[in-house]
Amino acid sequence: GRVDGGGGGSRGSWDRQRQRRERDARRIERLTTPYSRAPDCTAQLDASKLAAIEELVAQRLAAKLRRDFAESDALLQRLLDSGVRVTDDHRLWRSDDRPFVVPYRQEGGGIPRLGTGGTTRILALVLERGAAKASKDYRRADALEAELSRMGVGLDDRRRTWRYYDAAPLPPPRYARHGGQEGAGGAGGGGGGGG
C-alpha cells in the first residue's frame, strides 16, 4: 500500500480526527444523559414514589460517572428490589411489567398527508409498533409498519428514526462519503434518473 507523506493524506487525516472528536463527543453526551421514565410506562406512581425513584436513578448515574461501579450496582439492586427496571442503552426506567420500547425521533421535514391523523397518530403507531416488536408480535409490528407506509412514513430501525417519504433526502452518513469520488467504481454507485 501507499503511504502519503502529505498532500491528499492530510485531508484524510483531518477527517479522521474530526470524526474521532465527534464520536467521542457523542459518547460523552450519551454517558452523561440523564435517565427518564419510559414514555409508555403505565405504573401508577404517587409524587413521593416518583421522586424517590428519580433520586435513586440520578444517584446511580452519578456513581457510574464517578466510576464507582460497586455503588452503581448497589443502587441498581435497590431499584430492582422496588420493581424498577433500567435500560442503560436508552437511558430509560420503568416500574411496570411491560417491555422497554425505544422511542423513535423524526428525521427530515415534511408534513403528514391529509386524512392520516397527523403527527400525533404517527407517533402513536410508531410506539405501538415498538411495543409489538418488544413483545415479539412481529405480525402486528409488520401490519403497523405497512399502515405507516400507507401514510407516507418510512422507518429506520437501526437509527431509531422515522421520516416522511416526501421529505428532502438526507445526506449520506459521513462514513459513506468518499471525498469527491462520487459515482466512482462499480455497480450501484449511480443514482438519479433521466426522466
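Colleague: How do you know that β4 and β6 pair, and in which sense do they run?

Modeller: Two strands pair if DSSP finds at least two bridges between them. β4 and β6 have 2 bridges, so they meet that cut-off. Their sense is parallel, and one of the bridges joins Q106 to W162 in β6. This is a predicted model, in which local features need pLDDT of at least 70 and side-chain atom pairs need pLDDT 80 or more, while totals for chains, interfaces and linings use all residues. Residues are numbered from 1 along each chain as its sequence is written, and side-chain values use heavy atoms, without hydrogens or water.

Colleague: What makes a stretch of chain a strand or a helix here, and how many of each does the protein chain have?

Modeller: Both are DSSP runs numbered from the N terminus: helices are H or I over at least four residues, strands are E over at least two. The protein chain comes to 5 helices and 6 strands, in the pattern α-β-α-α-β-β-β-α-α-β-β.

Colleague: Which strands stand at the edges of the sheet that holds β4, β5 and β6, and why?

Modeller: The order of this open sheet of 3 strands is β4-β6-β5, with mixed pairing. β4 and β5 each have a single partner strand, so one side of each lacks a neighbour in the sheet, and they are the edges. β5 and β6 pair in the antiparallel sense over 4 bridges, with G154 opposite R163 in β6.

Colleague: Which strands are the edges of the sheet with the order β1-β3-β2?

Modeller: This is also an open sheet of 3 strands with mixed pairing. Its edges are β1 (36-37) and β2 (85-87), each pairing on one side only. β2 pairs with β3 (residues 92-94) over 3 bridges in the antiparallel sense, and T87 has L92 in β3 as its bridge partner.

Colleague: What makes R160 stand out in its phi value?

Modeller: Its phi is near 55°, a positive value in a residue other than glycine. Most residues other than glycine have a negative phi. R160 is in the turn of the hairpin formed by β5 and β6, which has 4 residues between the strands.

Colleague: Where is R67, and what is its phi?

Modeller: R67 lies in the loop between α2 and α3 (69-81). R67 is not a glycine, yet its phi is positive at about 65°.

Colleague: Why is R67 called exposed or buried, and what about R160 and V102?

Modeller: The cut-offs on relative accessible area are under 20% for buried and over 50% for exposed, with partly exposed in between (1.4 Å probe, protein chains only). R67 has 62% and therefore counts as exposed. R160 has 31%, so it is partly exposed. V102 has 16%, so it is buried. Over the protein chain, 26% of the 195 residues count as buried.

Colleague: What is V102 in contact with, leaving aside its neighbours within four places in sequence?

Modeller: Contact means heavy atoms within 4.5 Å. By that test V102, in the loop between β3 and β4 (105-106), is in contact with H90 and R160. The C-alpha atoms of V102 and A38 are separated by 8.2 Å, with their positions 64 residues apart along the chain.

Colleague: How do you know how α4 runs relative to α5?

Modeller: Axes are lines fitted to C-alpha atoms, for helices over the stretch in contact, and angles between N-to-C directions run from 0 to 180 degrees. The axes of α4 (residues 118-134) and α5 (residues 138-150) come within 8 Å and cross at roughly 160°. That makes the two helices roughly antiparallel; the cut-offs are under 35 degrees for roughly parallel, over 145 for roughly antiparallel, 65 to 115 for roughly perpendicular, and oblique for the rest. Residues that meet include L125 and R129 in α4, and L144 and L148 in α5.

Colleague: What makes the crossing of α4 and α5 left-handed or right-handed?

Modeller: Left-handed means that the near helix is turned anticlockwise from the far one by less than a right angle, right-handed that it is turned clockwise. The crossing of α4 and α5 is left-handed.

Colleague: How are α2 and α3 placed?

Modeller: The axes of α2 and α3 come within 8 Å and cross at roughly 160°. α2 is therefore roughly antiparallel to α3, and their crossing is left-handed. Among the residues that meet are L56 and R60 in α2, and L75 and L79 in α3.
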